[in-house]
Amino acid sequence: MLDLTAAHPDVLVLVGTQTGNSEVVADAVAERLGDLGFAAHVLDMAEAVPEDLGAYRQLVAVLCTWSDGTYPDNAVDFAESLEAVRPALDGAAFGVVGLGDRDYDPYYQTAALRLRDLFLELGGAEAAPLHDIDGGPTPADVAGAEAWAERCARAFAAGGAEAP
């Protein structure tokens, strides 16, 4: 079990999905974080508002890139609001899982990368590098996302970003 004394117990897991694949991965990530001692709160981006982020010091976003590089339908309003409101994320650690399809190059992972860059602009610290899933998610992809969640958990437990 991780020593969570430096971590806040709550993690907000935001889900941006078009077909449900991101939700499958987000649920697995949240469950793994829960197994490690965190209270993971999964929230559909359609129900999220930028002000929600201020209550959390640890964030995970799982989203797909849709069509020609856009956010999935349920994430569009949240992303636009986040860009407009620009809440300070100073001190918040975050991680992003992106689902995409390399066959749609040059749009592969553009939504996940845009959200990651926005979190950085707002003062967040990346707990672990973007975890990308090409196609799927297969059981191996889900297992990879769970392993990535453990990296985030270690960074959260250490009080922020992952050590180089």
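User: Where is the place of alanine 157?
Analyst: This is a predicted model, in which local features need pLDDT of at least 70, side-chain atom pairs count only at pLDDT 80 or more, and totals for chains, interfaces and linings use all residues. Residues are numbered from 1 along each chain as its sequence is written, while side-chain values use heavy atoms and leave out hydrogens and water. Helices (H or I, at least four residues) and strands (E, at least two) are DSSP runs, numbered from the N terminus. Among these elements, the one that holds alanine 157 is helix H4, residues 139-157.

User: Is alanine 157 buried or exposed?
Analyst: A residue is called buried under 20% relative accessible area, exposed over 50% and partly exposed in between, using a 1.4 Å probe and protein chains only. Alanine 157 has a relative accessible area of 12%, and therefore it is buried.

User: How many Å separate the C-alpha atoms of alanine 157 and glycine 144?
Analyst: Along the chain, alanine 157 and glycine 144 are 13 residues apart. In space, the separation between their C-alpha atoms is 20 Å.

User: Which residues does glycine 95 contact, leaving aside its neighbours within four places in sequence?
Analyst: Glycine 95 has its place in strand E4, and it counts as buried because its relative accessibility is 0%. Contact here means heavy atoms within 4.5 Å. With sequence neighbours within four places left aside, the residues in contact with glycine 95 are Leu59, Val60, Ala61, Ala128, Trp148 and Cys152.

User: Why is there no bond between the sulfur of cysteine 152 and the closest cysteine sulfur?
Analyst: A disulfide is a pair of cysteine sulfur atoms within 2.5 Å, and a search of the whole structure finds 0 of them. Cysteine 64 is in no disulfide, the nearest cysteine sulfur being that of cysteine 152. Cysteine 64 is buried because its relative accessibility is 10%, and cysteine 152 is buried because its relative accessible area is 1%. The two sulfurs are too far apart for a bond because the distance between them is 19 Å.

User: Which residues lie nearest the centre of the largest pocket?
Analyst: A pocket is found on a 1 Å grid over the protein atoms alone, as an open set of points where a 1.4 Å probe fits, with protein on both sides within 12 Å along at least five of seven lines, and lining residues have an atom within 4 Å of a point. The largest pocket has 17 lining residues, and the elements that give two or more residues to this lining are helix H1 (21-35) and E4. Nearest to the pocket centre are Cys64, Thr65, Trp66, Gly100 and Asp101.

User: Where is glutamine 109 found, and what is its phi?
Analyst: Glutamine 109 counts as buried because its relative accessibility is 2%. Among the residues that glutamine 109 touches, not counting those up to four places away in sequence, are Thr65, Gly100 and Asp132. Glutamine 109 is found in the loop between strand E4 (93-100) and helix H3 (110-121), and although it is not a glycine, it has a positive phi of about 65 degrees.

User: Which side chain makes a polar contact with the side chain of aspartate 132?
Analyst: Aspartate 132 has its place in strand E6 and is partly exposed, because its relative accessible area is 33%. A polar contact is a pair of N or O atoms within 3.5 Å; within protein, one must be able to donate a hydrogen and the other to accept it, and residues adjacent in sequence count only if both atoms are side-chain atoms. One such contact, of 3.4 Å, joins the side chains of glutamine 109 and tyrosine 108. The side chain that meets aspartate 132 in a polar contact of 3.4 Å is that of tyrosine 108.

User: What is the phi of serine 67?
Analyst: Serine 67 is found in the loop between strand E3 (58-64) and helix H2 (73-85). Its relative accessible area is 48%, and so serine 67 is partly exposed. Although serine 67 is not a glycine, it has a positive phi of about 50 degrees.

User: What is the omega of the peptide bond from glycine 136 to proline 137?
Analyst: Proline 137 lies in the loop between strand E6 (131-134) and H4. The peptide bond that leads to proline 137 from glycine 136 is cis, with omega near 15 degrees.
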